[in-house]
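Let us go through some labels and check each against its cut-off.

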Amino acid sequence: MKTVEVNGIDLAYIDEGTGLPVVLVHGFPLDHAMWDAQVEALKGEHRVIVPDLRGFGRSGVTEGTVTMEQFADDVAGLLDALGIQKRVLVAGLSMGGYVVFQFFRRHRGRVRGLVLCDTRAGADTPEAAAARRETAGQVLREGPGSLVENMPARLFAGATLRDRPELDESLRRVIAGTDPRGIAAASRGMAERPDDTPLLPEIDCPTLVVVGGEDAISPPEEMGRIAAAIPGARLVEVPDAGHMSPMENPAAVNAALREFLGSL
Ligand code: MLT
């Protein structure tokens, strides 16, 4: 991985291949590695850029709250630092999708297309936002242990947990190695995120919506409503996958991404 200073922090990123830039934004509380299979599949024909968001992976950490807008501006700052002027495809999973919505709002001129993967458009309910703030406090007090215990099982389909325990273990390692201040700051940022539902009909670029058929966090029905609200969006339901569809069924996700990229 390389590192560059962006908006006052060191941002770690992967930058491989040449062609149309494809930016892949990871979910919470993860890092670039969740997109490894997509980097391998796409780098032959595209320039694939995968940051560790501020506070995650090998990037610098900010205390307090990091908003989805800040993450989106960091992605734009990374493109500036890499001298990328042309428009990009930007894809995000879950929290990465919240970042994609803000990237579209704030940097519309840089967008060639969007991929919304296992994500949500609505804001948190007051109860969900309070739970996120509670999580932030707990992780700061006790470290990421409680997330390591509870999160991976929710992220994967049952069959993935049974047949491919190494995926579960790899996420546990990533979460355990994440700076508690980064986890807390993103949790608070997600609690504050806006309702992007009114934005959906205004999305006027090619958009692909991807959801694991067994995603329990952003279920297919909810993702279907997102796709239906975005003019011309395509919806792909990925079999044998939960919330982490790019890791759980990379062949299907890569095929959907390739077909979408080919249509641009
Ligand atoms: C994620 O995978 O990024 C999280 O599930 C997002 C969230 O907690 O809303």
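Contact means heavy atoms within 4.5 Å. This is a predicted model, in which local features need pLDDT of at least 70, side-chain atom pairs count only at pLDDT 80 or more, and totals for chains, interfaces and linings use all residues. Residues are numbered from 1 along each chain as its sequence is written, and side-chain values use heavy atoms, with hydrogens and water left out.

Q: Which residues is Met 95 in contact with, leaving aside neighbours within four places in sequence?
A: They are His 26, Gly 27, Phe 28, Leu 53, Phe 56, Met 68, Phe 71, Ala 186 and Met 190.

Q: What makes a set of residues a nonpolar core?
A: The members are buried Ala, Val, Leu, Ile, Met, Phe, Trp, Tyr and Cys residues, joined through side-chain atoms within 4.5 Å. Here the largest such core has 84 residues. Met 95 is among those with the most contacts inside it, along with Phe 28, Phe 71, Phe 103, Ile 203 and Met 244.

Q: Why is Asp 118 called buried?
A: Buried means under 20% relative accessible area, exposed over 50%, and partly exposed in between (1.4 Å probe, protein chains only). Asp 118 has a relative accessible area of 0%, so it is buried. Its phi is near 45 degrees, a positive value in a residue other than glycine.

Q: Why does Asp 240 count as exposed or buried?
A: Its relative accessibility is 57%, so Asp 240 counts as exposed. Asp 240 also has a positive phi, about 55 degrees, although it is not a glycine.

Q: How do you know that the length of helix α11 agrees with its expected span?
A: Helices are DSSP runs (H or I, at least four residues), and strands are too (E, at least two), numbered from the N terminus. The expected span is 1.5 Å times one less than the number of residues. For the 14 residues of α11 (residues 250-263) that gives 20 Å, and the end C-alpha atoms are 20 Å apart, so the two agree.

Q: Why are α4 and α8 called roughly parallel or roughly antiparallel?
A: Axes are lines fitted to C-alpha atoms, for helices over the stretch in contact, and angles run from 0 to 180 degrees between N-to-C directions. Under 35 degrees is roughly parallel, over 145 roughly antiparallel, 65 to 115 roughly perpendicular, and the rest oblique. α4 and α8 (residues 180-191) pack at about 170 degrees, with axes 8 Å apart. That makes α4 roughly antiparallel to α8.
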